[in-house]
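Here is a note for a colleague who has not yet looked at this entry. Please read the points with the structure open beside you.

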Number of protein chains: 2
Amino acid sequence: MPNNQFKKGELYSFITGKASTAIARRLQKNFKQAGIDITIEQWSVLYHLWKEDGMSQQQLCDATFRDKPSITRLVDNLEKLKLVKRVPSKEDRRMNMVYLTKDAEQLQEQTMELANQTLNEALEGVTHGQVEIAKEVLQMVYDNLK
Amino acid sequence: MPNNQFKKGELYSFITGKASTAIARRLQKNFKQAGIDITIEQWSVLYHLWKEDGMSQQQLCDATFRDKPSITRLVDNLEKLKLVKRVPSKEDRRMNMVYLTKDAEQLQEQTMELANQTLNEALEGVTHGQVEIAKEVLQMVYDNLK
DNA sequence: GGCATATAGTTGTTTATGCAACTAAACAAA
DNA sequence: TTTGTTTAGTTGCATAAACAACTATATGCC
């Protein structure tokens, strides 16, 4: 008998992720107010390229937990915005390496600042210890299901 | 200086909600395996109607944390599937009250069972106490931002 | 009553997701 | 070299989300 049995009324909000929806909406709003016209999904791709430029689309799939069609189209849209460039790999011609443009590099500092600020709004009144446990739980859920 | 300042590398996954994405995908998969052809978003509307049948579309917006166009289209699709019916309110002719059909009532038990099972898969190895804290944190985040 | 305003719901447009089917290149075995 | 399989990426289709603009009804105030 599992010891985490949810009561009906509690289960729903845990599944539907209202909290992460709320964070994403607030971050999007904060981007918009700052005059930054990219979506959170596009930003999530840039985020990984800032950590390591020149990832393949497949690597972006793994990093962002999205499927291949999603990454194809996000990269399409980021190319239209002139924020990334696809460069065919020389070693393996099936692969596209995705590189940041100058424009995208300039977005890093400001958007990371806004993301931090958004998280601080979100976590107002939550203790450091609680946050650590919440992150652990979310990581375990992810590991259990991925 | 906020005491919840995130380190760069940690912040991202908290925002993008990989865990709730993973839970939703797994639940969708479990529905499909059981031969239940509804989306998680449609299920989330039915979930609230099972608790209280005959809600208005606006009430469904508040309950599901979705905007009005989203609910309009979810109800459209649920009507096509013959799972709900719109009934114009007699007191206020602007409102549609949304009612479950017999078909939808029959889905309740099986899908709630699948949802519980999915959460148990997700929370394997997580203690009851950790889950309680995670729920609290997510609730506080939601309250801070909604 | 008449007018301004608020509320409930719909429609159009763009972006994103999930799934299946597809192309092209790489690789492995004979 | 050919044949079969795997891997990287794209395309088509249905569903859903966010936002803005819209219609219709209700309400509050003069």
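The points below take the basis of the model, then the contact between the chains, then a sheet.

1. This is a predicted model, in which local features need pLDDT of at least 70 and side-chain atom pairs count only at pLDDT 80 or more, while totals for chains, interfaces and linings use all residues. Residues are numbered from 1 along each chain as its sequence is written, chains are lettered from A in the order in which they are written, and side-chain values use heavy atoms, with hydrogens and water left out.

2. Chain A and chain B each give 58 residues to their contact (heavy atoms within 4.5 Å). Between them they bury about 6000 Å², with 65% of it on carbon and sulfur atoms (accessible area, 1.4 Å probe, lost on being put together and summed over both).

3. Helix H7 (residues 128-145) of chain A packs against helix H7 (residues 128-145) of chain B at an angle of about 110 degrees, the axes being 8 Å apart; the two are therefore roughly perpendicular (65 to 115 degrees). Among the residues making this contact are A:Ile133 and A:Val137 of H7(A) and B:Ile133 and B:Val137 of H7(B).

4. In chain B, three strands form an open antiparallel sheet in the order E1-E3-E2 (strands being DSSP runs of E, at least two residues, paired if DSSP finds at least two bridges). Strands E1 (55-56) and E2 (84-88) stand at the edges with a single partner strand each, so one side of each is left without a neighbour in the sheet. E2(B) and strand E3 (residues 96-100) pair over five bridges, and B:Val87 has B:Met97 in E3(B) as its bridge partner.

Note on methods: Helices (H or I, at least four residues) and strands (E, at least two) are DSSP runs, numbered from the N terminus. Axes are lines fitted to C-alpha atoms, for helices over the stretch in contact, and angles run from 0 to 180 degrees between N-to-C directions. Angles under 35 degrees count as roughly parallel, over 145 as roughly antiparallel, 65 to 115 as roughly perpendicular and the rest as oblique. Buried area is the accessible area (1.4 Å probe) that two parts lose on being put together, summed over both.
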